[in-house]
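Q: I'm just getting started with protein structures, and I'd like a close look at one part of this one. Could you walk me through the salt bridges, one pair at a time?

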Amino acid sequence: GLMWLQHGGNLRHTSEQNDGVSRYGWLMHDGENFGVQEIRDEGLLLRTEFVKQPGGDHGGDWSWRVTAKMEGKGPAPLLSLFFYVATDGQGTLRPVLENGTRLAAVAGTAEELGDFTLTFLPPTGEGGEGPKYASYNFLAAGVPGLHRLTDLVRHSLRESSVFSPPGRPRRRFF
């Protein structure tokens, strides 16, 4: 799943009618093999896309892409994207780190799936280049029920994290 935070705003995990998200919903999908959705939140456009390649013993392989863009002019605010992987007490999960900080994959085992790996490719900017600025952290924790994930993340954010983009002032990030 995905949570996001524009600094100065609220941690978002879902889009509900009363939470101030201006627009959200599926642009297209077939209910099984692909889907595209957009979420517009205070000048932020989040677009998620998924496609499924059928096959194998457990339904196939999935690919998921998240694109974040700011609408309008002016400097982009600091944005944090929180990708999460969770089991509901079934199976195991293990983080696979690159350079000790970037979560490159999550390896796991589940009764229904057997052994599996979720791979997180490094982010890219427009034109395929890397992002101008990026910082990586991960959290591995137990939580009593998937409905408590947002609370776990909210309470785990560290106020002491500071981001220093080259030539720009230091800013807090999560």
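A: Let's start with Arg 40. This is a predicted model, and in it Arg 40 has a relative accessible area of 19%, so it counts as buried, the cut-off being under 20%. Who does this arginine pair up with? Its partner is Glu 71, and the closest N and O atoms of the two are 2.0 Å apart. Glu 71 has 39% relative accessibility, which means it is partly exposed.

Now look at where the two partners sit. Arg 40 is in strand E3, while Glu 71 is in the loop between strand E5 (61–70) and strand E6 (79–83), so this salt bridge ties together parts that are 31 residues apart in sequence.

Why would such side chains get together at all? Side chains of opposite charge can pair when their charged atoms come close.

Stay on strand E3 for the next pair. Glu 38 makes a salt bridge with Arg 23, and here the closest N and O atoms are 3.6 Å apart. This pair also links distant parts of the chain: Glu 38 belongs to strand E3 (residues 34–41) and Arg 23 to strand E2 (residues 23–29), with their positions 15 residues apart. Glu 38 is buried, at 10% relative accessibility. Arg 23, on the other hand, is partly exposed, at 45%.

These pairs belong to something bigger, too. Arg 23, Glu 38, Arg 40, Arg 47 and Glu 71 are linked in a network of salt bridges. So when you find Arg 40 in the viewer, look for Glu 38 and Arg 47 as well, as they are members of that network.

For another kind of pair, go to helix H1 (residues 149–156). There, Arg 154 forms a salt bridge with Asp 151, with the closest N and O atoms 3.2 Å apart. The two are 3 residues apart in the helix, which means about one helical turn separates them. Both partners are partly exposed: Arg 154 has a relative accessible area of 39%, and Asp 151 comes in at 27%.

How many salt bridges are there in the whole structure? A search finds 10, and the pairs described here are among them.

One last stop, if you'd like to see charged residues in another setting. The search for cavities of 30 Å³ or more turns up 1, with about 40 Å³ of space in it. Its lining is made up of Gln 6, Gly 9, Asn 10, Arg 12, Asp 41 and Glu 42. Sorted by type, that lining has 3 charged residues, 3 polar ones and no nonpolar ones.

Methods:
Residues numbered from 1 in each chain as written. Predicted model: local features only at pLDDT ≥ 70, side-chain atom pairs only at ≥ 80, totals over all residues. Heavy atoms only, no water. Salt bridge = Lys/Arg side-chain N within 4 Å of Asp/Glu carboxyl O. Helix = DSSP H or I, 4+ residues; strand = E, 2+ residues; numbered from the N terminus. Buried < 20%, exposed > 50% of the residue type's maximum accessible area, 1.4 Å probe, protein only. 1 Å grid on protein atoms, 1.4 Å probe; cavity = no way out; pocket = protein on both sides within 12 Å on 5 of 7 lines; lining within 4 Å. Points joined across faces, edges and corners; volume = space filled by probe spheres on them. Nonpolar A, V, L, I, M, F, W, Y, C, P; charged D, E, K, R; others polar.
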